[in-house]
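Please open the structure in a viewer and keep the selection tool at hand. The stops below are meant to be followed in order.

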Amino acid sequence: MLLSSIYILIVGFTNCFFFKISWSTSDFSLEGDYLLGGLFPLHEIEHETALFSAETTKCFRHISSKSGYQMLQVMRFAVEEINNSTSLLPNVSLGYEIFDYCSNTKNFNSALSFISKNGSIKPKEKHNNYQPKVIALTGPYGSTSSMTIAPLFTMDLIPMVNYGASTSALSNKLQYPSFVRTMPSNKDLVEMIIHIIQWFGWNWVAFIGSQDDYSTDGLKQFNKYINNTGICLAYQEGLSLKANYSQTLKNIDKLNINVIVVFALPQYATKFIKAAIANNIQDKVWIASNAWAMNQQIPREPGIGKIGTVIGIAERLLSLPGFNEFIYKDRGTTDVRHNDSDETGILGKRNTCNQVCEYCSLLTAEDIINENPTLSFSIYSAIYTIAHALHRVLQCDMNECHKNTMAKPYMLLEEIKKLDFPLDGRQVKYDKNYDPTISYAVVLWRTDVNPPQFEVVGTYDTHPEITFRINNSRLRWHNNSSVPFSNCSVECKAGYSRRHEGFHSCCFSCEKCPPNSYLNFSRDPYTCFPCAESEWSDEGSTTCKTRSVVYVQFTEIPSIIVMISTVFLIFLLIAVFCIFAYNYDTPVVKSAGGSMCFLMLTSLIFSSVSVFFFFGKPTFVFCLLRNVIFTFFFTVCISCLTVRSFQIVCVFKMAAQFPKVHSLWVKHNGQWLFVAFASFIHLISCVIWMTVNPVNAIADSWSFKDQILLICERGNNATFSIVVFLSWALGFLCLLFSYMGRDLPKSYNEAKSITFSLIMYYLTWIAYFTACLIIKSKYMVIFNAMAQVSSINGILFSYFIPKSYIIIFQPQKNTPAYFQTSIQNYTQTISRT
């Protein structure tokens with residue numbers, strides 16, 4: 001197989017070129033000091049056929065391509081412009097030899113001609129000695145064509161400055177070291193398509209290509225670069241010319257895809273668009289790759305306006321200054337030559353290889369000028385790239401070049417990578433892979449006017465920086481509607497997270513984010529992130545708000561009121577203490593408990609001090625003091641009341657029945673032992689309470705969504721319960737003894753006062769603990785402080801104030817005689833009963 005292929009190449013080459021060729025004035029050739037090669041698709045072979053004989057394809061027998069002839073004219077125009085320049089290659093002329101390239105497999109003769117030297121090829125010749133016919137080449141059109149013949153040029157480092165091959169594989173300089181291109185690669189084209197899709201918020205797209213290197217590479221790049229963009233490729237297919245286009249369109253329509261990227265060569269795009277018209281496909285957005293974005297025939301198809309909106313990607317610079325004049329001038333001479341020299345034309349057919357164009361002489365200047373200009377600047381800049389590189393190799397200045405300097409193809413390649421020159425408002429320069437800077441235009445097909453027009457509505461440039469813009473006001477969507485919708489799912493509202501559905505990431509349902517969470521769409525649209533502990537949010541939020549830190553401050557009015565009342569209470573307790581101390585030997589003080597009254601009053605004073613630790617920012621010390629001081633000292637006071645109640649009952653009722661027990665109680669100061677024991681047990685319970693799980697200031701972030709409440713925790717529930725139980729148990733005993741002494745002498749009967757104070761104590765704290773269960777507020781500490789003040793006031797005003805009143809205002813009742821009379825009356829009453 002390999003031998004037969006080599007045989008075909010060699011025979012085809014010799015059949016085509018080892019004849020004497022008459023180079024008359026022609027579009028295909030021009031003599032010059034340095035010869036450039038050009039390959040252009042003047043004809044197209046629709047269906048390639050296998051070749052089993054040594055046969056060279058004659059392109060003129062196949063389908064004509066007017067756009068190919070226009071490309072050829074751009075090269076001729078660029079060469080003529082350079083030859084007429086006084087600054088670029090001033091005393092050097094460029095010539096060219098151009099071939100019609102219509103087949104990827106049967107046009108090797110053209111390539112072999114370019115790399116030959118005097119009709120022969122020496123593959124192993126050193127670069128320093130080897131001088132092929134052409135110093136550089138531009139063309140051919142198409143990625144597959146370029147990849148097919150590129151090895152023939154790159155092995156000798158002949159610059160292959162290509163205008164029409166965009167596959168990314170050609171950027172690989174290990175495989176294609178001398179391949180230079182003036183049109184962007186598929187990578188750049190795909191990136192621009194993605195920019196367009198993202199600009200309009202689409203994510204549900206189809207990608208239609210053809211079965212060639214151009215489309216295959218485009219699909220590969222598209223799949224690569226849509227990662228992490230939110231775009232889903234809902235449908236993809238590489239079409240052949242015999243494919244079922246109608247079925248493809250039905251598949252796209254079933255998936256509700258409204259944006260279709262057609263990344264294909266013109267012949268495939270034409271068939272596909274015609275099929276869309278025939279199948280009544282409507283209201284779609286068609287994104288045309290640069291291969292057919294400026295096609296002149298498709299916009300004229302009947303019914304094209306119904307299929308939707310066509311957006312194309314084309315070169316930014318679509319017109320070349322002076323090109324139209326060149327064509328008009330050229331047509332004025334060449335038309336006469338073709339008309340008067342039919343015989344020469346026929347002779348040319350016999351003596352030239354793929355340098356015959358029968359339809360070319362029939363084209364008017366307008367036909368050429370109005371052809372698709374997409375590749376015009378690419379061809380133009382390719383010729384100028386070669387010229388500038390040669391200018392550097394020949395060490396030219398503004399006046400002349402050193403013609404005696406040897407210019408080899410590989411020398412041009414070295415200079416091309418250094419080029420950076422302006423050309424018609426564009427900057428021509430190349431990166432390390434010999435790829436150019438990008439300057440694309442977004443064109444809108446205006447098929448509603450006659451003739452159809454291409455309106456530039458956006459731009460994409462990479463020099464000096466990447467910029468992408470689309471003028472939305474200039475975009476006229478089909479039927480003057482708004483931007484078409486092409487998404488698998490309707491975008492979630494703010495504060496709603498996505499939930500995957502199906503295979504594609506673009507398909508999802510929406511769920512509202514719960515309270516105290518938020519959705520950061522740019523970070524992750526699928527996750528509701530929890531707010532920090534110091535933040536809060538409502539249901540369905542996109543941000544978190546900072547919680548306000550609250551606690552009862554000293555300067556608040558409720559705090560001031562409680563503190564003033566506490567100060568007054570302390571002064572009142574101190575006053576009572578002083579009254580009792582001054583009247584210590586009187587019967588009222590002794591009946592109230594004597595010296596034990598001072599312990600009770602002292603305990604109540606210390607209990608009152610704890611109120612001041614409820615205000616201000618809670619700290620460990622404040623939490624400790626506010627809880628322990630009141631709990632302990634108030635329990636000491638209750639233990640005194642308890643033992644006082646018991647002692648009165650014991651004197652009047654139990655002394656007679658249990659004289660020995662009473663004697664032991666009096667002898668060993670039983671009342672003080674009881675108070676000491678009860679106080680010690682309670683102190684131990686308080687120490688355990690504060691040690692097992694110390695009370696501390698905590699930030700309550702669960703009670704209020706927008707606040708952090710600084711509170712004191714209660715500590716361990718078990719130890720706290722023991723502390724409360726001991727205090728309440730003493731109170732219950734006190735109530736019990738008070739009830740037993742309800743019928744004692746009036747002067748000694750304290751049942752009512754003690755019962756009132758303790759009932760007030762119980763009710764106050766029951767109300768407080770109930771409020772704690774149903775109310776959440778920073779002012780609960782105010783209730784706590786008020787409960788303490790209320791408990792202290794209960795004992796003060798029911799037990800001590802009445803006695804103080806007697807001491808001050810009823811001194812006649814504060815005498816031994818009065819108390820003796822009360823005892824005698826009680827004794828007589830008991831004896832009668």
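Begin by selecting Lys705, which is partly exposed, with a relative accessible area of 44%. The model is a predicted one. Add Asp538 to the selection: Lys705 forms a salt bridge with this residue, and the closest N and O atoms are 2.7 Å apart. Lys705 belongs to the loop between strand 26 (697-700) and strand 27 (707-712), and Asp538 to the loop between strand 23 (535-536) and strand 24 (545-546), so the pair ties together parts that are 167 residues apart in sequence. Asp538 also counts as partly exposed, because its relative accessibility is 32%.

Next, select Arg446, Asp448, Glu455, Arg474 and Arg476, which are joined into one network by salt bridges that share partners. The structure holds 22 salt bridges.

Move on to Lys403 and Asp33, whose side chains meet in a salt bridge at 3.5 Å, N to O. This pair links distant parts of the chain, 370 residues apart: Lys403 is in the loop between helix 12 (376-393) and helix 13 (409-416), and Asp33 is in the loop between strand 1 (29-30) and strand 2 (34-40). Lys403 counts as partly exposed at 48% relative accessibility, and Asp33 counts as partly exposed at 40%.

Now select Arg426 and Glu315. Are these two residues buried or exposed? Arg426 counts as buried at 11% relative accessibility, and Glu315 counts as buried at 4%; the cut-off for buried is under 20%. Arg426 forms a salt bridge with Glu315, with the closest N and O atoms 3.1 Å apart. Since Arg426 lies in strand 15 (residues 426-429) and Glu315 in strand 13, the pair ties together parts that are 111 residues apart in sequence.

From strand 13 (308-315), step back into the loop that connects strand 12 (284-288) with it, and select Ile304 there. Ile304 is buried, with a relative accessible area of 5%. Add Lys274: its C-alpha atom is separated from that of Ile304 by 8.2 Å, and the two residues are 30 apart along the chain.

The following stops concern backbone geometry. Most residues other than glycine have a negative phi, and most peptide bonds are trans. Select Tyr434, in the loop between strand 15 and strand 16. Phi of Tyr434 is positive, near 60 degrees, and the residue counts as buried at 5% relative accessibility. Asn516 likewise has a positive phi of about 60 degrees; it is found in the loop between strand 20 (508-512) and strand 21 (517-519) and counts as partly exposed at 31% relative accessibility.

For the peptide bonds, select Gly139 and Pro140, which are joined by a cis bond with omega of about -5 degrees. Pro140 lies in the loop between strand 6 (136-138) and helix 4 (143-154). Then select Asn450 and Pro451, where the peptide bond is cis with omega near 0 degrees. Pro451 is placed in the loop between strand 16 (439-446) and strand 17 (453-461).

Display helix 16 (residues 595-609) and helix 22 (residues 780-809), whose axes come within 10 Å and cross at roughly 155 degrees. Helix 16 and helix 22 are therefore roughly antiparallel to each other, and the crossing is left-handed.

Finish on helix 19 (residues 670-692), where Ile684 lies. Ile684 counts as partly exposed at 37% relative accessibility. Together with Phe677, Phe680, Ile681, Ile688 and Val692, Ile684 makes a nonpolar surface patch of about 560 Å².

Definitions and conventions: Residues numbered from 1 in each chain as written. Predicted model: local features only at pLDDT ≥ 70, side-chain atom pairs only at ≥ 80, totals over all residues. Heavy atoms only, no water. Patch = residues over 30% accessible without salt bridge, like charges linked within 9 Å, V, L, I, M, F, W, Y side chains within 5 Å. Areas by Shrake-Rupley, 256 points an atom, 1.4 Å probe, with all protein chains shown as cover. Salt bridge = Lys/Arg side-chain N within 4 Å of Asp/Glu carboxyl O. Helix = DSSP H or I, 4+ residues; strand = E, 2+ residues; numbered from the N terminus. Buried < 20%, exposed > 50% of the residue type's maximum accessible area, 1.4 Å probe, protein only. Axes fitted to C-alpha atoms, helices over the stretch in contact; angles between N-to-C directions. Parallel < 35°, antiparallel > 145°, perpendicular 65-115°, else oblique. Left-handed = near helix turned anticlockwise from the far one by under 90°.
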